[in-house]
Amino acid sequence: MKNHIFLMALAILGLTACHSESSGNIKDFIPGTYVSQARSDYSIANDTLEITPGKNTENIYLITRKTGYRRISDGKLQPLQHQVKHWSGEWDEQKQILQIMQTGNFLLFQPDKGSLLNGSSEYWKL
């Protein structure tokens, strides 16, 4: 009986350690530059997310989104346009997501793939 309790305690401790280690890996993966490209019948876009840790906090990150895009009108590319947006995000340890405070959207990090998901858009870490 004592062996069963010991083995169960050991298994729980192992699972807890794995969860802590994997969430640490995700949090370590967050800072950096991520890029995405998209194309449709109406435009071509290049998107960059720069994510840096906030100062004096463990769960707040600063996000700069830079987008360059060219509209397609009557089959012709229009001049290049740029947009820059600044957001802040809060890391949710339980859900393992970075929630953007200004929009309510969230970023889901995939360190094993070297990417993050922003809705249905996938960004690759440089």
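The legends below accompany close-up views of a predicted model of one protein chain.

**View 1. The protein chain as a whole, with one helix and nine strands.**
Read from the N terminus on, the elements of this predicted chain run α-β-β-β-β-β-β-β-β-β, and the chain comprises 126 residues, of which buried residues make up 27%. When contacts between residues at least 6 apart in sequence are considered, 38% of them join residues at least 24 apart. The views that follow turn to a pocket, to selected residues and to a run of hairpins.

**View 2. The largest pocket and the residues that line it.**
The largest pocket holds about 210 Å³ of space. Its lining is made up of 15 residues, and the closest of these to the pocket centre are Ala38, Asp47, Arg65, Ser121 and Tyr123. Strands β1 (32–39), β2 (43–53), β3 (60–73) and β9 (121–125) each contribute at least two residues to the lining. By residue class, the lining of the largest pocket consists of four nonpolar, eight polar and three charged residues.

**View 3. Thr67 in strand β3 and its polar contact with Asp47.**
Thr67, which is found in strand β3, has a relative accessible area of 12% and is therefore classed as buried, the cut-off for that class being under 20%. The side chain of Thr67 makes a polar contact with the side chain of Asp47, at 2.5 Å, and Asp47 is also one of the residues closest to the centre of the largest pocket. With residues up to four places away in sequence left out of the count, Thr67 touches Asn46 and Asp47, and also Gln81, His82 and Gln83.

**View 4. Thr33 in strand β1 and the residues that it touches.**
Thr33 has its place in strand β1 and is partly exposed, because its relative accessible area of 28% lies between the 20% and 50% cut-offs. Although Thr33 and Leu126 are 93 residues apart along the chain, their C-alpha atoms are separated by 5.7 Å. Not counting residues up to four places away in sequence, Thr33 touches Thr48, Leu49 and Glu50, together with Trp124, Lys125 and Leu126.

**View 5. The hairpin of β6 and β7, with Gly104 between the strands.**
Strand β6, residues 97–100, pairs with strand β7, residues 106–110, in the antiparallel sense over two bridges, and Leu98 stands opposite Leu107 of β7. Five residues lie between the two strands of this hairpin, in which Gly104 takes a positive phi near 85°. Gly104, placed in the loop between β6 and β7, counts as partly exposed because its relative accessibility is 37%, a value between 20% and 50%. The C-alpha atom of Gly104 is separated by 9.2 Å from that of Gly89, a residue 15 positions away along the chain.

**View 6. The hairpin of β7 and β8, with Gly114 adopting a positive phi.**
Strand β7 also pairs with strand β8, residues 115–118, in the antiparallel sense, here over four bridges. Phe109 stands opposite Leu116 in β8, and Leu107 stands opposite Asn118 in β8; Leu107 thus appears again in this view, having been shown in the preceding one opposite Leu98. The hairpin of β7 and β8 has four residues between the strands, and Gly114 takes a positive phi near 70° in it.

**View 7. The hairpin of β8 and β9, with Gly119 in the turn.**
Strands β8 and β9 pair in the antiparallel sense over four bridges, and the bridge partner of Ser115 in β9 is Trp124. Two residues lie between the strands of this hairpin, and Gly119 in the turn has a positive phi of about 65°. Trp124, the partner of Ser115, is also among the residues that Thr33 touches.

**View 8. Asn118 in strand β8 and its surroundings.**
The place of Asn118 is in strand β8, and a relative accessible area of 12%, under the 20% cut-off, is why Asn118 counts as buried. Apart from its neighbours within four places in sequence, Asn118 is in contact with Asn105, Phe106, Leu107 and Tyr123. Two of these residues have appeared in earlier views: Leu107 stands opposite Asn118 across the pairing of β7 and β8, and Tyr123 is listed with the lining residues closest to the centre of the largest pocket.

Note on methods. Residues are numbered from 1 along each chain as its sequence is written. This is a predicted model: local features need pLDDT of at least 70, side-chain atom pairs count only at pLDDT 80 or more; totals for chains, interfaces and linings use all residues. Side-chain values use heavy atoms; hydrogens and water are left out. On a 1 Å grid over the protein atoms alone, a cavity is a set of points where a 1.4 Å probe fits but cannot get out, and a pocket is an open set with protein on both sides within 12 Å along at least five of seven lines; lining residues have an atom within 4 Å of a point. Grid points are joined across faces, edges and corners, and a volume is the space filled by probe spheres set on the points. Ala, Val, Leu, Ile, Met, Phe, Trp, Tyr, Cys and Pro count as nonpolar, Asp, Glu, Lys and Arg as charged, and the others, Gly among them, as polar. Two strands pair if DSSP finds at least two bridges between them. Buried means under 20% relative accessible area, exposed over 50%, partly exposed in between (1.4 Å probe, protein chains only). Contact means heavy atoms within 4.5 Å. A polar contact is a pair of N or O atoms within 3.5 Å; within protein, one must be able to donate a hydrogen and the other to accept it, and residues adjacent in sequence count only if both atoms are side-chain atoms.
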